[in-house]
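Welcome, and please take a moment to look over the sequence and the model. The report after it walks through a few residues, then the helices, and then the whole chain.

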Amino acid sequence: MSEERKLQRAKINLMRSPKFALLSGILMVGKTKVVEKDDMPAPACTDGRDEKYRRDFIAELSDPELAFVVAHEGAH
C-alpha cells in the first residue's frame, strides 16, 4: 500500500470515529502532501491549514500510530 493511501485511510478512519467527530471538519480543510525526506527536516508538520508528512515516516508507523499523528497535526 502506498504511503498516500495509508495516510488517506488514517484520516477516513478518524473521521468515522465518534471520538473524533469534532475533528472531522478540520481534517477536511487544507491540502495534505506526502513528501520525500529531503523536502523537510521534521517528520510531520502543519502551517495551521496544510499538512506535510515525510514518506519514510509514514512507512514506519503502524495504523494506530499514524492516526495519532494525523489527529495531533489536525489539532494544531
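## R16, a residue to start with

R16 is part of helix α1; helices here are DSSP runs of H or I with at least four residues, strands are runs of E with at least two, and both are numbered from the N terminus. With a relative accessibility of 66%, R16 counts as exposed. The three classes are buried (under 20% relative accessible area), exposed (over 50%) and partly exposed (in between), using a 1.4 Å probe and protein chains only. R16 and D38 are 22 residues apart in sequence, and their C-alpha atoms lie 33 Å apart in space.

Two notes will help you as you read. Residues are numbered from 1 along each chain as its sequence is written, and side-chain values use heavy atoms, with hydrogens and water left out. This is a predicted model, so local features need pLDDT of at least 70 and side-chain atom pairs count only at pLDDT 80 or more, while totals for chains, interfaces and linings use all residues.

## Helix α1 and its buried side

Helix α1 covers residues 3-16, which makes 14 residues. At 1.5 Å a residue, such a helix should span 20 Å, and the C-alpha atoms at its ends are indeed 20 Å apart. The expected span is 1.5 Å times one less than the number of residues.

Which residues of α1 are buried? They are E3, K6, L7, A10, K11 and L14. They lie on the same side of α1, because they cover an arc of only 135 degrees around the axis. That arc is taken from the directions that run from the helix axis to the C-beta atoms. Their cover includes α2 (24-27), β1 (32-35), β3 (51-54), α3 (55-60) and α4 (63-75).

K6 is a good residue to pick out in α1. At 12% relative accessibility, K6 counts as buried. Leaving aside residues up to four places away in sequence, K6 touches M1, I58, A59, L61, D63 and L66, where contact means heavy atoms within 4.5 Å. K6 and G74 are 68 residues apart along the chain, with 17 Å between their C-alpha atoms.

## Helix α4 and the core

Now turn to α4, with its 13 residues. The expected span at 1.5 Å a residue is 18 Å, and the end C-alpha atoms of α4 are 18 Å apart, which agrees. Its buried residues are L66, A67, V69, V70, A71, E73 and G74. These pack against α1, α2, β2 (44-46), β3 and α3.

The largest nonpolar core has 16 residues, and those touching the most other members are L7, L14, Y53, I58, L66, V69 and V70. Such a core is a set of buried Ala, Val, Leu, Ile, Met, Phe, Trp, Tyr and Cys residues joined through side-chain atoms within 4.5 Å. At least two residues of this core come from each of α1, α3 and α4, and α4 gives the most, with 5 residues. V70 touches L7, A10, K11, L14, L27 and Y53, again without counting residues up to four places away in sequence. In soluble globular proteins, nonpolar side chains tend to be buried together.

## Two more residues to find

D56 sits in helix α3. Its relative accessible area is 29%, so D56 is partly exposed. D56 and D39 are 17 residues apart along the chain, and their C-alpha atoms are separated by 12 Å.

For P41, look in the loop between β1 and β2. Is P41 buried or exposed? At 80% relative accessibility, P41 counts as exposed. Between the C-alpha atoms of P41 and R54, which are 13 residues apart along the chain, the separation is 8.8 Å.

## The whole chain

Stepping back, the protein has 4 helices and 3 strands, which follow the pattern α-α-β-β-β-α-α along the sequence. Its C-alpha trace spans about 35 × 25 × 15 Å along the principal axes. A compact globule of 76 residues would have a radius of gyration near 11 Å, and the 12 Å of this protein agrees with that. The radius is taken over C-alpha atoms, and the globule rule is 2.2 Å times the number of residues to the power 0.38.

Buried residues make up 37% of the 76 residues. Among contacts between residues at least 6 apart in sequence, 44% join residues at least 24 apart.
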